[in-house]
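Q: Could you please guide me through this structure? I should like to begin with the overall basis and then turn to particular parts.

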Amino acid sequence: MQRILEVKDLSINFYLREGVVHALTDVNFEVFENETLGVIGESGSGKSVTVQSILGILSQPPAKIVSGSIRFEPESRNLELNLLPTYGDTYRNVRWNDISMIFQEPMSSFSPLHSIGDQISEALTLHRPELSETDVLSVCLGLLEKVGIPSPAMFFKRYPHEFSGGMRQRAMIAMALVCNPKILIADEPTTALDVTIEAQILELLESIKSEFNMSMIYISHDLAVIGEISDRILVMYLGRVVESGVADEVIDNPLHPYTRALLKSIPKIDQPIESLDPIEGSIPSPFEVHTGCPFYSRCTERLGEICLRQKPAHKTYNNGHKVSCHLHA
Amino acid sequence: MHDEKVILQVNDLKKYFSLRTGFFSETRYIRAVDGVSFELYKGETLGIIGESGCGKSTLGRSLVNLYNITSGSVLYNDGDQKINLINANDREKKNYTKSVQIIFQDPFSSLNPRINVFETVAEPLIIHRYPKEEIEQKVSEVIAQVGLRDEHLRRYPHSFSGGQRQRIGIARSLIISPKVIICDEAVSALDVSVQAQIINLLKELQARYHYSYIFISHDMSVIRHICDRIAVMYAGRIVEFGTKEEVLNSPKHPYTEALLDAVPKISNRKSKGKRKILSGEPPDLSRERIGCNMFERCGYRIDACQATPMKLSDVGSHHLTACMRTKEIQLNGLSIEAKQP
């Protein structure tokens with residue numbers, strides 16, 4: 001499989017009046033063609049910052065890419081996204097044409113002042129100026145039908161407030177697909193939806209992913225959703241990738257104490273009821289600086305001094321399962 | 001788990017919200033809760049599950065008198081006092097709210113940012129006119145029960161994390177020693193690693209003080225974990241009701257089946273196309289309907305479903321369902337417990 005995106009040693013800081021937030025520290029991962037990479041993490045783990053930096057939509061300042069690189073199609077085009085100016089034609093072409101994104105809140109990510117149709121077709125008219133108006137319309141209507149919207153022609157002229165959350169999320173997916181991107185980033189696309197609607201959207205994403213030959217980066221805090229949809233999983237905690245690997249490996253044989261604790265702490269519908277083992281304490285303040293492992297204060301398997309003082313190295317096992325913990329030195 | 005004493009009896013509770021569309025047009029009603037009946041036993045945890053808009057939060061808020069009930073009755077009886085919420089006078093209402101408390105979903109907006117933890121937690125006692133010495137003692141007791149320390153008392157909500165704020169919210173509900181606590185999505189806004197702490201805390205408190213919980217949630221995994229009995233709500237009505245084992249392992253209503261099927265499962269990895277996905281969306285609550293409220297979305301419907309009024313009927317061992325076809329159709333549940341020793 002070919003790599004389509006490579007993120008290497010990426011560190012991003014936010015310089016705020018209250019201090020410096022180390023939002024990402026040495027983040028490494030890659031996305032292969034036609035795969036779904038699931039990114040799991042709690043609030044403050046840096047999962048949204050990661051994808052925003054890929055799309056070049058971080059507000060800089062206060063954010064600043066301190067080090068590292070983000071390369072799109074490293075084998076062929078080798079586009080270094082982190083070096084491109086975030087405003088300008090090159091990056092604008094990457095967004096939508098190569099990488100597009102679905103956001104969490106289907107209500108607030110559409111403009112209430114324009115019809116759904118105008119908003120979906122806008123991207124296409126801007127990125128494919130050669131298309132005539134009728135072509136644009138037919139592409140958009142076709143997509144709306146594909147994402148399961150009944151009577152697309154009527155839908156096209158309506159406004160976002162006239163639709164339910166599920167319908168809006170479908171429209172958002174259609175909008176992300178207009179330019180046939182190679183990577184679709186989905187940032188908690190089902191968190192705001194009900195379970196029955198969530199199941200519909202997950203299935204839709206799965207089917208369009210294979211139909212459009214895309215790769216997908218799926219972000220969520222819900223381990224069950226990530227487990228269902230991903231080929232590979234990236235576990236993030238406080239701006240670091242603590243574990244990554246094939247989905248089955250990460251879930252059946254978790255290596256990092258955080259992943260293990262997370263799996264033990266969530267109520268599962270498909271396993272016998274046992275008492276929950278919560279992770280003690282809470283997520284440290286983002287302003288805190290960690291010289292050692294960021295999970296140290298909550299870890300039940302910590303070794304002592306070394307975990308507090310020394311940054312754990314990344315260890316890669318033969319099956320590609322990576323972990324960053326002193327237990328696996 | 002619980003003794004057979006009913007502490008809260010709800011009969012045909014309705015809460016309609018009026019919807020004025022124009023000055024001369026007829027007033028329409030949103031039937032948020034449309035005839036809900038159940039009883040809550042002492043010391044049990046009753047789970048109410050449903051999707052957004054099904055009326056579960058409206059029900060919870062009606063039960064603590066935050067909404068005026070449109071019709072129906074709520075009877076509270078803890079052995080010492082009996083209160084009927086509908087025709088209660090002011091004093092009775094005050095006693096009622098002392099016994100039935102609520103924990104809200106959002107730990108960020110449900111605490112007043114301008115008053116410190118002590119004042120927040122002590123407020124119910126001040127309202128109920130407790131003497132000053134007792135207030136201080138009680139606050140420090142209850143704050144320890146929820147796992148916070150005395151030094152936290154002088155701080156303001158902004159300096160706490162989500163989990164700690166939820167603990168403050170719980171302390172505020174516990175301080176006047178209620179008998180019934182309504183948890184309205186009490187863990188939904190919390191990070192997954194913190195959720196378990198709060199669930200365990202609620203369970204511990206129940207074991208110690210025999211609270212009765214009404215646990216409202218949209219999360220089937222959480223409900224399954226914490227509840228003894230489950231009521232499944234859909235579009236303002238209870239469509240299925242029974243013990244946790246009954247409802248989850250052998251559901252008797254198509255909606256429950258679909259809901260169980262839709263819950264993401266870790267063990268479900270890459271099992272595509274196996275699900276029975278419920279198509280469509282919940283109905284418009286302002287439209288009056290005779291038959292089943294799930295008619296449009298149901299895979300088992302026949303024409304008679306649309307014409308026959310919805311009614312909960314017992315299919316054995318206090319398992320109630322609103323589906324008229326329940327005897328003719330075979331529904332799949334979780335069947336996890338059976339596999340395990």
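A: The following turns discuss a sheet in one chain and the domains of another.

Q: What kind of model is this?
A: This is a predicted model, in which local features need pLDDT of at least 70, side-chain atom pairs count only at pLDDT 80 or more, and totals for chains, interfaces and linings use all residues. Residues are numbered from 1 along each chain as its sequence is written, while chains are lettered from A and ligands numbered from 1 in the order in which they are written.

Q: In what order do the strands of the open sheet in chain A run?
A: The order of its 8 strands is E6-E7-E8-E3-E9-E10-E12-E11 (chain A), and the pairing is mixed. Strands are DSSP runs of E with at least two residues, numbered from the N terminus, and two strands pair if DSSP finds at least two bridges between them.

Q: Which are the edge strands?
A: Strand E6 (99-102) and strand E11 (314-316) of chain A, each of which pairs on one side only.

Q: In which sense do E3 and E9 of chain A pair?
A: Strand E3 (residues 36-40) and strand E9 (residues 232-237) of chain A pair in the parallel sense, over 4 bridges. Within this pair, Leu37(A) has Arg232(A) of E9(A) as its bridge partner.

Q: Turning to chain B, how is it divided?
A: Chain B has domain 1 (6-227) and domain 2 (253-265 + 273-341), with bounds from an automatic or database domain assignment. The C-alpha centres of these two domains of chain B lie 29 Å apart.

Q: How many residues are in contact there?
A: In chain B, 11 residues of domain 1 are in contact with 6 residues of domain 2, where contact means that C-beta atoms, placed from the backbone, lie within 7 Å. On the domain 1 side, the largest share, 5 residues, comes from E2(B).

Key: Two residues are in contact if their C-beta atoms, placed from the backbone, lie within 7 Å.
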